[in-house]
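User: Could you take a close look at one part of this model for me, the second largest cavity and what surrounds it? I would enjoy a connected walk through that region.

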Amino acid sequence: MLGVASRTVLDGVGYQSNFLPIALPHFRDIRATELVLDGAVLIANRAVYGSLVFACGASFSVTGPVAGSGNSASSAGSVAMACPPHNASATITLADFVIAPPSTLAALGATSTSLTWGGSLASSPIRLEWAAGIAALNGSTVVSGIPLAPRFALAIYDAVGNVITDNALLISLVLPSSVTTYGGSPDVAVSTTANVTSLASLALAATDHTVLDTDVVVTAVLKVSQAKSYIESTPIVIRLASCPGGRPPVRQPSGGLVCLCAANAELMPLAAD
């Protein structure tokens, strides 16, 4: 599938399409998976993702000179937004989808800007990773009901290698049935201002006393708002501790067993980096 932005160009002499979809006769060659364009003047094309091209399993060739300005993606992919490859470990470049000499690719990039994240090419997410690394988090101790430390943060990557900062994406935690989140919303919007998204607004709380002072497996999940697709992080194993000093936790309406504020002065050093 190949999508081309409206108000795109046209032919080598720079005729503008006046907000209408690009007319097929301006393409020199049309095939099942490839379009070839002989030169273009690209002016004021706008999209949320990929101001000029959205490509899935297709390529877009430019054989003539390129000029223009004012093209922008309000989120990512100043030139193109592409579907990631089936091989999740593979990386992609603009040259994989826009077939043109390097000078033409550079000219395309010069006509366009991405306002939030990514460069000339972006893709949907392919990886969700613990920013501090698995080794730094495995074996950590967190106290039931006390907010997670700042080191519990995640980074999201696309197939280009861009760090994704897009609050249309949500991160949640997959927990054992005897553990719940407490405090903030169970779905954390991905940060638009930092390269990692902190989970410090959340706490983990046992719902059963038998879980206190045991190891639990925690997996982060990335999902697109109102969509069913998701990406999982590598699981980590942490110790869910009871309240220091033998204080009893207090059951909250959510069902979580929470160590209350009176103990925070003692508990917070356990949750700090």
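Analyst: The second largest cavity holds about 30 Å³ of space, and the structure has 2 cavities of 30 Å³ or more. Here a cavity is a set of points on a 1 Å grid over the protein atoms alone where a 1.4 Å probe fits but cannot get out, and lining residues have an atom within 4 Å of a point. Grid points are joined across faces, edges and corners, and the volume is the space filled by probe spheres set on the points. The lining consists of W130, L148, F152, L173, L199, L204, V218, I236 and I238.

Please keep in mind that this is a predicted model, in which local features need pLDDT of at least 70 and side-chain atom pairs count only at pLDDT 80 or more, while totals for chains, interfaces and linings use all residues. Residues are numbered from 1 along each chain as its sequence is written, and side-chain values use heavy atoms, with hydrogens and water left out.

Let us turn to the core. The largest nonpolar core has 36 residues, and W130, F152, I171, L173 and L204 have the most contacts inside it. Such a core is a set of buried Ala, Val, Leu, Ile, Met, Phe, Trp, Tyr and Cys residues joined through side-chain atoms within 4.5 Å; buried means under 20% relative accessible area, exposed over 50%, and partly exposed in between (1.4 Å probe, protein chains only). Two or more residues each come from strand 14, strand 16, strand 17 (169-174), strand 21 (202-206), strand 22 (214-224) and strand 24 (236-241). Strand 22 gives the largest share, 4 residues. Strands (E, at least two residues) and helices (H or I, at least four) are DSSP runs numbered from the N terminus. Apart from this core lies another, of 23 residues, with L35, L52, A55 and L94 among them.

F152 deserves its own look. Not counting residues up to four places away in sequence, F152 touches W130, L137, S140, V142, T197, S198, L199, I236 and I238, where contact means heavy atoms within 4.5 Å.

Next comes the sheet. In it, 3 strands are arranged in the order 14-16-20, open and with antiparallel pairing. Its edges are strand 14 (125-130) and strand 20 (197-198), each pairing on one side only. Two strands count as paired if DSSP finds at least two bridges between them, and 2 bridges join strand 16 (residues 153-158) to strand 20. A153 stands opposite S198 in strand 20.

Following the chain onward, V163 sits in the loop between strand 16 and strand 17. Because its relative accessibility is 25%, V163 counts as partly exposed. V163 touches W117, I156, Y157 and N195, leaving out residues up to four places away in sequence. The C-alpha atoms of V163 and R127 are separated by 9.8 Å, with their positions 36 residues apart along the chain.

Another loop, between strand 21 and strand 22, contains D213. This residue is not a glycine, yet the phi of D213 is positive, near 65 degrees. D213 counts as partly exposed because its relative accessibility is 40%.

For the wider setting, the protein chain has 3 helices and 26 strands, and buried residues make up 45% of its 273 residues.

Note on methods: On a 1 Å grid over the protein atoms alone, a cavity is a set of points where a 1.4 Å probe fits but cannot get out, and a pocket is an open set with protein on both sides within 12 Å along at least five of seven lines; lining residues have an atom within 4 Å of a point.
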